[in-house]
Amino acid sequence: MKQFLSVEDVPGVPRMVDIALDYKANPFKDKGLGTNKTLGMIFLNPSLRTRLSTQVAARNLGMEVVVFNIDKEGWALEMNDGVVMNGSTTEHVKEAAAVMGQYFDMLAIRTFPGLKDKEEDYTEKYINQFIKYAGKPVVSLESATRHPLQSLTDAVTIRETWKEKRKPKVVLTWAPHVKSLPQAVPNSFAEWMNAWDEVDFAITHPEGYELDPTFAGNAPVFYNQEEALKDADYVYVKNWSSYKDYGKIINSDPAWMMSNQQLAITNNAKVMHCLPVRRNVVIADEVLDGPNSIVIQEAGNRVWAAQAVLSELLRNQ
Amino acid sequence: MKQFLSVEDVPGVPRMVDIALDYKANPFKDKGLGTNKTLGMIFLNPSLRTRLSTQVAARNLGMEVVVFNIDKEGWALEMNDGVVMNGSTTEHVKEAAAVMGQYFDMLAIRTFPGLKDKEEDYTEKYINQFIKYAGKPVVSLESATRHPLQSLTDAVTIRETWKEKRKPKVVLTWAPHVKSLPQAVPNSFAEWMNAWDEVDFAITHPEGYELDPTFAGNAPVFYNQEEALKDADYVYVKNWSSYKDYGKIINSDPAWMMSNQQLAITNNAKVMHCLPVRRNVVIADEVLDGPNSIVIQEAGNRVWAAQAVLSELLRNQ
Amino acid sequence: MKQFLSVEDVPGVPRMVDIALDYKANPFKDKGLGTNKTLGMIFLNPSLRTRLSTQVAARNLGMEVVVFNIDKEGWALEMNDGVVMNGSTTEHVKEAAAVMGQYFDMLAIRTFPGLKDKEEDYTEKYINQFIKYAGKPVVSLESATRHPLQSLTDAVTIRETWKEKRKPKVVLTWAPHVKSLPQAVPNSFAEWMNAWDEVDFAITHPEGYELDPTFAGNAPVFYNQEEALKDADYVYVKNWSSYKDYGKIINSDPAWMMSNQQLAITNNAKVMHCLPVRRNVVIADEVLDGPNSIVIQEAGNRVWAAQAVLSELLRNQ
């Protein structure tokens, strides 16, 4: 494995899940693997789970970690080529990325989409500029269109909680929110579920919230949430803004909030969410505080997903 | 020891002072104690001494440390239950605390009082929400009503500077300030001095600045600073806002500033302060720069107090 | 070596360059040198290269590192003595520096000039206050008038790229910028080049941009850039504000930007810059993206310069 940006970078979802669960059982078994290797974690946007779990994972492997909030501890980066930099940006990503590539053995980067310019976001302009100039393996800590550490975590969580022999039915459902959010988590979740033959996967959302077909793939899509949730074993709840009417909130129907009413339709489904979650907007208290929620276990698994990814990159160096 | 929030959590003040002074004499004697254990340090408010000394202490014990300024590197937390989160808070403490409890073996948290709602502050709502949901030992890095790492440090500093056989007279004196400050440091100092039979303890402040009786206990209280400082061996200087007229500055009489005039009344007392201190408002330059000030030694002892606390928690895990 | 503030602190430029290049060849050869020693890195201003490279260097030597953005994670420091602190500063540098001196074995500090008060800046008031009160070796991460880690890096980069027997001609050239910038980098570069007998050194800038003679020394100064660049083997490009008309931009002639036109005058010179660089304002894309630019290699060498400095300080403790 040479980088970690999407499901296409990994040697199979089942293999990555195996590695992650091995680390969960024995966190320190590869403590020497990262000796004298340094991970630079670069944040252009805030982070809680990704930031903390990846630090813990790297230290479990004996890697050094340097965290840099470039937006707050550094300065604004110029991402466009050929610009006369007489404005508000202080350094070009060409230099910033190349320099960080000199200091670190691996770069992990978080960079959100602007949600203004679909092409800029969907060509992953920002993270690709880092990849182009860093000259070192890059790990996505969430980019404009994907959040692969989250999706690997989700697969790990489904595998470890599923005890039956048949494939579980996994449903991704849109939910309302007060802000315009990226499509990165649902895109990535769809991409990973579609690539993973251990589950049956479906998507439900109001009309107009269709995901980019590249990610949605051949998963059945339902505009009727009730229909989709029938017999679901896992419900993955997440808000996202429109891909078609790019970055817009075109519907915020509270009936799509995940509540016990929705849960009752399912096959006593486990409820998942990447967090942070706005309670009683996206998911009701009764669900988050009830026995079907596995969101904390899911968040805890972020460590093992990150450790699996870092270990595979280290083995390749 | 299972948590560190107040003097009630420790196996006796003298025992904790012993442990701290042992580490001062031999900082690295337990370097293996924290192997493969991670301390998460969570800041909802700024910090200098607490932040830096606790990091050093944890590393002296071989613990991993992850520092997280949740207010700046993350987002605003919702502390109230049952809320529809359609406002400015992004994540509920239920999730944030539970998730951090998944990543860390121990959580250290700093959270100041709002000084608006006495009940909210004095029930320690914020830190208690973390304790309730983290599922891991919690160390207070100063909470709404207490600053126990500071108070342990203060006991350590008194013990190591006191050479006579009689008990020293320790006086906590209010001093003026330009801002409304919490009662956490004086509360905690009173609580620890009252629980420690190696000192005679008294309190002095202008009328209206009475501390919560839970903390002041049976310590004699003087409205006359001169009377209180007579024969004092240690003067602990600190501003606080009113508990009665909650969070208010009801008096800012500059005559209460600690100067050589005050010092002359004492028994050549050592002068202490938790820092940061506003010079020539709280304490005069002549005192801070003179031979009676032990504020730097006191601040230096923060490392050993923190190391004592972390080591006791590690031994209990 | 007892501190690192200027070229006068080091045991010779060639010796420091040797040490740095040895570490470049073998980064981990002194991994035990910093055991149980902690470096406190204190930022009063933003930083990318200095922050990241110094962290990596310290860890290569086995030192603990604690990073503290005092302006963002702490509070404003009072730098003036005798002040009644009833304004916006929360803590005096006397306490802050002395306390950090209690926690760390070495302090590294970044503090920019205000560019308002020449005397305050050129007496290095801020960093000198830290030195005065910290009681521990201080490393400059760039101060009001010097950036010695950068200058050592520059010497390292010149040595490792120069293959001829004759001395290279090194020219420092002013370039335009949109903001008023410190003289620290050019001052320091001039100071180090003047102290280093492996190069011939000259300076060029528009009239009015003369550096403080303390730094410029006996280096020939040209107001005509073309004349200066003739036969140059290295061109060090940097903007600075006026020393005479202190802190002012008195000329922003775009003809001074480093472009291929300038490069053509030189002896196929290597182009250097401390970074961050505003592209097409200070240096043209065609130069930065061309074969003569060594700015990334130069930035990469920051690690080895910092490692050389820290190792010399550790050996002295």
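Here are worked exercises on how the parts of this predicted model meet.

Residues are numbered from 1 along each chain as its sequence is written, and chains are lettered from A in the order in which they are written. Local features need pLDDT of at least 70, side-chain atom pairs count only at pLDDT 80 or more, and totals for chains, interfaces and linings use all residues, while side-chain values use heavy atoms, with hydrogens and water left out.

**Exercise 1. Describe how chain A is divided and how its two domains touch.**

Step 1: find the domains. Domain 1 of chain A covers 7-146 + 301-316, and domain 2 covers 150-299. These bounds come from an automatic or database domain assignment. The C-alpha centres of the two domains of chain A lie 25 Å apart.

Step 2: list the contact. Domain 1 of chain A brings 27 residues and domain 2 of chain A brings 33 residues. Contact means heavy atoms within 4.5 Å.

Step 3: look at the area. About 2,600 Å² is buried between domain 1 and domain 2 of chain A, and carbon and sulfur atoms give 62% of it. Buried area is the accessible area (1.4 Å probe) that two parts lose on being put together, summed over both. In domain 1 of chain A, the residues that lose the most area to domain 2 are A:L115, A:Y122 and A:N301, together 26% of what that side buries.

**Exercise 2. Find the charged and polar pairs between the domains of chain A, then say which helices take part.**

Step 1: count the salt bridges. There are three between domain 1 and domain 2 of chain A. A salt bridge is a side-chain nitrogen of Lys or Arg within 4 Å of a carboxyl oxygen of Asp or Glu. A:K24 forms a salt bridge with A:E160, with the closest N and O atoms 3.0 Å apart.

Step 2: count the polar contacts. The two domains of chain A share 16 residue pairs in polar contact, both at pLDDT 80 or more. A polar contact is a pair of N or O atoms within 3.5 Å; within protein, one must be able to donate a hydrogen and the other to accept it, and residues adjacent in sequence count only if both atoms are side-chain atoms.

Step 3: name the helices. On the domain 1 side of chain A, α1 (13-25), α5 (118-122) and α14 (302-316) each supply at least two residues. α1(A) gives the most, with eight residues. Helices (H or I, at least four residues) and strands (E, at least two) are DSSP runs, numbered from the N terminus.

**Exercise 3. Work out how chain B is related to chain A.**

Step 1: superpose. A turn of 120° and a shift of 0.0 Å along the axis lay chain B on chain A with an RMSD of 0.0 Å. The fit is by least squares on the C-alpha atoms of residues with pLDDT of at least 70 in both.

Step 2: conclude. The two copies are therefore related as by a three-fold rotation axis.

Step 3: find the residue by the axis. In chain B, B:K72 comes closest to the rotation axis, at 5.1 Å (C-alpha).

**Exercise 4. Describe the contact between chain B and chain A.**

Step 1: count residues. Chain B gives 29 residues and chain A gives 31 residues.

Step 2: look at the area. Chain B and chain A bury about 2,700 Å² between them, 58% of it on carbon and sulfur atoms. B:E73, B:E95 and B:Y103 supply 25% of the area that chain B buries against chain A.

Step 3: count pairs. Chain B and chain A have five salt bridges. B:E91 forms a salt bridge with A:R49, the closest N and O atoms being 2.8 Å apart.
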